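Let's take a friendly walk through this fold together. Have the sequence at hand and turn the model as you read.

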Amino acid sequence: MAEMEDPTGAQPPPIVLEYPLEAGVFMIECSDSSLYRAKLSTVWNAMYEHGEDGESMYRIGEHVIHPGQGVCTVVGFQDAPSPMIVLEARSGRAKTRLLYPAAQQDRLHPCVSRAEAERLIEHYGTMECDGFHERNSSLEEAYFKRQIKSGAPETMRVAKTMRTRIRDAKARNKKPSSYYSRILKEADRRVIEELAVALGTSEEDARARIEAAAWGFSDN
């Protein structure tokens, strides 16, 4: 297959394996606009899709939940040296492109729909917290890290659980476990990103809607 010419003349960004990431995930840093438009070594945006059965579960333009990165957009496909799904993750204004093995696409999750996002916000106040407890805080933290990899509603449940535990510890004049804030920050980021995408609004608006739906949501 012939390579697509890049009108900017920019060289394609290098593909590097970066840790700590999910196994087999390659990242292409695209902070500069010219690199953002640069071609990959094959035509990543060709309108074909690959998977173990010859067809991808996802389509170009679809938003998915990457277990390590959170919300990503499917922007293309690559067939060499092995079938890859090209994903784009955003952190602030910076964009990062990732090559995700098509053979592992079942580890990606679709974002919630607009209707599902509306229901989650509506019922946030009555959502039950996660009751998992473990005497070893490291094991407990590892459990909640696994939970948030699947996206909403678990990201929302974990965020609410951490907020509740922090509030309850302070009410007893005890110092909250240090991992509560770490998990809360990541769960909060992921759920806000996903709901913003599902609702077609900004992250600020998505956060404001959740805060309005649940008294004390923004209080640590």
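**From a hairpin to a helix pair**

Begin with strand 3 and strand 4, which form a hairpin with three residues between them. Keep in mind as you look that this is a predicted model. Strand 3 covers residues 63-66, and its pairing with strand 4 is antiparallel, over four bridges. To find your place at the turn, look for His-66, which stands opposite Gly-70 in strand 4.

Is strand 4 mostly covered or mostly exposed? Strand 4, residues 70-78, is mostly covered, with nine of its nine residues buried. In a regular strand, side chains alternate between the two faces of the sheet.

Next, move to Gln-147, a residue of helix 3, which spans residues 137-148. The C-alpha atoms of Gln-147 and Pro-67 are separated by 9.8 Å, although the two residues are 80 apart along the chain. Setting aside neighbours within four places in sequence, Gln-147 is in contact with Asp-130, Glu-154 and Val-158.

Finally, turn to helix 2 (residues 114-122) and helix 5 (residues 178-199), which pack with their axes 8 Å apart at an angle of about 130°. How should we describe that arrangement? An angle over 145 degrees would count as roughly antiparallel and one of 65 to 115 as roughly perpendicular, so helix 2 and helix 5 are oblique to each other. Their crossing is left-handed.

Which residues make this contact? From helix 2 come Arg-114, Ala-117, Glu-118, Leu-120 and Ile-121, and they meet Leu-195, Ala-198 and Leu-199 in helix 5. By character, the residues of this contact are six nonpolar and two charged, with no polar ones.

How values were computed:
Residues are numbered from 1 along each chain as its sequence is written. This is a predicted model: local features need pLDDT of at least 70, side-chain atom pairs count only at pLDDT 80 or more; totals for chains, interfaces and linings use all residues. Side-chain values use heavy atoms; hydrogens and water are left out. Axes are lines fitted to C-alpha atoms, for helices over the stretch in contact, and angles run from 0 to 180 degrees between N-to-C directions. Helices (H or I, at least four residues) and strands (E, at least two) are DSSP runs, numbered from the N terminus. Angles under 35 degrees count as roughly parallel, over 145 as roughly antiparallel, 65 to 115 as roughly perpendicular and the rest as oblique. A crossing is left-handed if the near helix is turned anticlockwise from the far one by less than a right angle, and right-handed if clockwise. Contact means heavy atoms within 4.5 Å. Ala, Val, Leu, Ile, Met, Phe, Trp, Tyr, Cys and Pro count as nonpolar, Asp, Glu, Lys and Arg as charged, and the others, Gly among them, as polar. Buried means under 20% relative accessible area, exposed over 50%, partly exposed in between (1.4 Å probe, protein chains only). Two strands pair if DSSP finds at least two bridges between them.
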